[in-house]
Amino acid sequence: MRRRLRHALTCIALITPGAAMAEGSILSRPSECSAVLTVQKHGCEVETQLSCGTGDSAYWRSEFFDSDGLSGVSHSDSNYRQLEVQTADGRGGIVIDQTKSYADSPLDIIATGGGGSLEFGTLIVMGLKKPISEATLLKSEPDLEISGRSLHRFSTTITVQYPPPVPEVNGVGMVYFDQPTGVMFTGERQMEWPPSDAKMPHSPAAIILPGEPGFDQPHPTYDCGNLSYNHLDKKADKA
């Protein structure tokens, strides 16, 4: 998700420099949400996935932090069809039209070897609303062993249609799924425009479960250099 947040923010800044959000915020964590899994990523980023609500109203919440603190929040339904995204600095947000969008579940993608999602939404900047869409194809790849867990891995092909003057943008990426917890999260993401920052790989470095040090903590650990909050990233920096 973080790549999606960063790319959306960059394009928002290009469309309307200096714009600020004028809509309701999802940045504060609702009391109905419980942290499930924390992912430390290469590139000085940490993400915590939370399970919120129950039954038909259940959804996933993702909170993203870098060395500057909270960078953004995303909400998705039980199949990880994105519902809403907001950047922490208040410069942009996206609300997805659930009636026009779909996403194959991670388990279905694993069973068939492939799948996808199509999301139509609204980009909201200073009260202005413009259409936006993202189509993603997912393909199963060999699992990744990390922190004693086997993560299912999917390669992705992405097409994003932003409002003019931004052209159609294509890219590739990687998505990971931890089946025991049901958590799915985005890793690497390379978009053709504007050029992605090659120094921020965003591949997973460690998986942290409830009760383990660093769980549901906002401090990135890996590849932060002098900005690290502790020294646990030495093994990752040498990788």
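Which residue in S9 stands opposite Leu-118? It is Ala-135. I will start from that pair and work through the strands, then the disulfides, then a few single residues. Please keep in mind that this is a predicted model.

Leu-118 and Ala-135 face each other across a pairing of strand S8, residues 114-125, with strand S9, residues 128-146. The two run antiparallel, and 12 bridges join them. S9 also pairs with strand S10, residues 149-161, again in the antiparallel sense and over 12 bridges. If you want a position to look at there, take Leu-138, whose bridge partner in S10 is Thr-156. S9 and S10 make a hairpin with 2 residues between them. Ser-147 sits in that turn with a positive phi of about 55°.

After S10 comes a loop that leads to strand S11, residues 169-178, and Pro-165 is found in it. The peptide bond joining Pro-164 and Pro-165 is cis, with omega about 15°. That is worth a remark because most peptide bonds are trans.

Next, strand S5, residues 82-87. How many of its 6 residues are buried? The count is 5, so the strand is mostly covered, buried being under 20% relative accessible area. S5 has a partner in strand S4, residues 69-76, which runs antiparallel to S5 and is joined to S5 by 5 bridges. His-75 stands opposite Glu-84 in that pairing. S5 is also joined to strand S6, residues 93-96, by 3 bridges, again antiparallel. There, Val-85 stands opposite Ile-94.

Both of these pairings are hairpins. S4 and S5 have 5 residues between them, and S5 and S6 have 5 residues between them as well. In the turn from S5 to S6, Gly-90 has a positive phi of about 75°. In the turn from S4 to S5, the residue to note is Tyr-80, with a positive phi of about 65°. Most residues other than glycine have a negative phi, which is why I single that one out. Tyr-80 is also buried, at a relative accessible area of 8%.

Asp-216 is another non-glycine residue with a positive phi, near 55°. Asp-216 is found in the loop between S13 and H3. Is Asp-216 buried or partly exposed? At a relative accessible area of 26%, Asp-216 counts as partly exposed.

Now the disulfides. A search of the whole structure finds 2. One is formed by Cys-33 and Cys-52, with the sulfur atoms 2.0 Å apart. The angle about the S-S bond is 115°, and the link is right-handed. Cys-33 belongs to strand S1 and Cys-52 to strand S2, residues 45-52, so this bond ties together parts that are 19 residues apart in sequence. Cys-33 is buried at 9% relative accessibility, and Cys-52 is buried at 0%.

The other disulfide joins Cys-44 to Cys-224, with an S to S distance of 2.1 Å. Its torsion is about 100°, so this disulfide is right-handed. How far apart in sequence are the parts that this pair ties together? They are 180 residues apart, because Cys-44 is in the loop between S1 and S2 while Cys-224 is in the loop between S13 and helix H3, residues 234-237. Both cysteines, Cys-44 and Cys-224, are buried. With the bonded cysteines numbered in sequence order, the pairing reads 1-3, 2-4.

That brings me to Gln-40, which is found in strand S1, residues 33-41. Gln-40 counts as buried, at 3% relative accessibility. What does its side chain reach? The side chain of Gln-40 reaches the backbone oxygen of His-219 at 2.9 Å and the backbone nitrogen of Thr-221 at 2.8 Å. Setting aside residues up to four places away in sequence, Gln-40 touches a set of residues including Glu-45, Val-46, Pro-204, Ile-208 and Tyr-222.

Glu-45 comes up once more. Its side chain makes a polar contact with the side chain of His-202, at 3.1 Å. His-202 lies in the loop between strand S12, residues 183-191, and strand S13, residues 204-208. His-202 is buried too, with a relative accessible area of 1%. So Glu-45 is touched by Gln-40 and makes a side-chain polar contact with His-202.

That is the tour.

Methods: Residues numbered from 1 in each chain as written. Predicted model: local features only at pLDDT ≥ 70, side-chain atom pairs only at ≥ 80, totals over all residues. Heavy atoms only, no water. Helix = DSSP H or I, 4+ residues; strand = E, 2+ residues; numbered from the N terminus. Buried < 20%, exposed > 50% of the residue type's maximum accessible area, 1.4 Å probe, protein only. Polar contact = N/O pair within 3.5 Å; in protein donor to acceptor, adjacent residues only side chain to side chain. Contact = heavy atoms within 4.5 Å. Pairing = 2+ DSSP bridges. Disulfide = S-S within 2.5 Å.
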